[in-house]
Amino acid sequence: MIYKTKGTCSTQIDIEMDGEVIKNVKFTGGCNGNLQGVSRLVQGMNGKDAIEKLRGIKCGFKPTSCPDQLSYAIEEAMKA
């Protein structure tokens with residue numbers, strides 16, 4: 001599934017799920033090293049658990065962040 005981010009330096013998140021388990025995450029744009037780390041940390045994690053941990057994280061004065069946007073991408077992928 002492809003999720004177009006809103007309000008972040010990254011522009012897109014490609015996410016692959018196996019039921020409720022996160023199989024793979026790839027960000028386009030953003031802080032490459034940090035986003036590779038976030039992607040690897042959530043790999044193999046239950047989507048609901050990841051959403052709970054990531055939702056609401058802000059980046060500086062922005063109302064959202066790449067991890068926050070990932071939580072919305074996971075939520076959308078779980079609905080699909």
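This text walks through a predicted model, beginning with its largest pocket and then turning to single residues.

The largest pocket holds about 160 Å³ of space. Its lining is made up of Thr8, Cys9, Gly30, Cys31, Asn34, Leu35, Cys59, Lys62, Ser65, Cys66 and Pro67. Two helices, α1 (residues 32-42) and α3 (residues 66-79), each contribute at least two residues to this lining. Sorted by type, the lining residues comprise 6 nonpolar, 4 polar and 1 charged.

Cys9 is one of the residues that line the largest pocket. Along the chain, Cys9 sits in the loop that joins β1 (2-4) to β2 (10-18). Cys9 is classed as exposed because its relative accessibility is 51%, and the class begins over 50%. Apart from residues up to four places away in sequence, Cys9 touches Gly29, Gly30 and Lys62. Of these contacts, Gly30 and Lys62 also belong to the pocket lining. A longer span can be traced from Cys9 to Asn46: the two are 37 residues apart in sequence, and their C-alpha atoms are 26 Å apart in space.

The strand that follows this loop, β2, contains Glu16. With a relative accessibility of 41%, Glu16 counts as partly exposed, since that class lies between the 20% limit for buried and the 50% limit for exposed. When neighbours within four places in sequence are set aside, Glu16 is in contact with Val21, Ile22, Lys23 and Asn24. Ser65, a residue of the pocket lining, is 49 residues from Glu16 along the chain, with 20 Å between their C-alpha atoms.

The next stop is the loop between α2 (47-54) and α3, where Gly56 is found. Gly56 is partly exposed, as its relative accessible area is 44%. The C-alpha atom of Gly56 is 17 Å from that of Asn34, a residue 22 places away along the chain. Asn34 is itself among the residues lining the largest pocket.

Lys58 occupies the loop between α2 and α3 as well. Is Lys58 buried or exposed? Its relative accessibility is 55%, so Lys58 counts as exposed. The contacts of Lys58, leaving out neighbours within four places in sequence, are Pro63, Thr64 and Ser65. Ser65 appears in the lining of the largest pocket too. Thr8, another lining residue, is 50 residues from Lys58 in sequence, yet the C-alpha atoms of Lys58 and Thr8 are 10.0 Å apart in space.

After this loop comes helix α3, which holds Ser71. Ser71 counts as buried because its relative accessibility is 0%, and buried means under 20%. Beyond its neighbours within four places in sequence, Ser71 makes contact with Ile51, Leu54 and Arg55.

Arg55 also takes part in an arrangement with an aromatic ring. Arg55 lies over the face of Tyr72, 3.7 Å from the centre of the ring. Pairs between aromatic rings are another matter: their count in this model is 0, where a pair would need ring centres within 6.5 Å of each other.

Technical notes: Residues are numbered from 1 along each chain as its sequence is written. This is a predicted model: local features need pLDDT of at least 70, side-chain atom pairs count only at pLDDT 80 or more; totals for chains, interfaces and linings use all residues. Side-chain values use heavy atoms; hydrogens and water are left out. Rings of Phe, Tyr and Trp (its six-membered ring) pair if their centres lie within 6.5 Å; planes under 30 degrees apart count as stacked, over 60 as edge-to-face and the rest as tilted. A charge sits over a ring if NZ of Lys or CZ of Arg is within 6 Å of the ring centre and within 35 degrees of the ring normal. On a 1 Å grid over the protein atoms alone, a cavity is a set of points where a 1.4 Å probe fits but cannot get out, and a pocket is an open set with protein on both sides within 12 Å along at least five of seven lines; lining residues have an atom within 4 Å of a point. Grid points are joined across faces, edges and corners, and a volume is the space filled by probe spheres set on the points. Helices (H or I, at least four residues) and strands (E, at least two) are DSSP runs, numbered from the N terminus. Ala, Val, Leu, Ile, Met, Phe, Trp, Tyr, Cys and Pro count as nonpolar, Asp, Glu, Lys and Arg as charged, and the others, Gly among them, as polar. Buried means under 20% relative accessible area, exposed over 50%, partly exposed in between (1.4 Å probe, protein chains only). Contact means heavy atoms within 4.5 Å.
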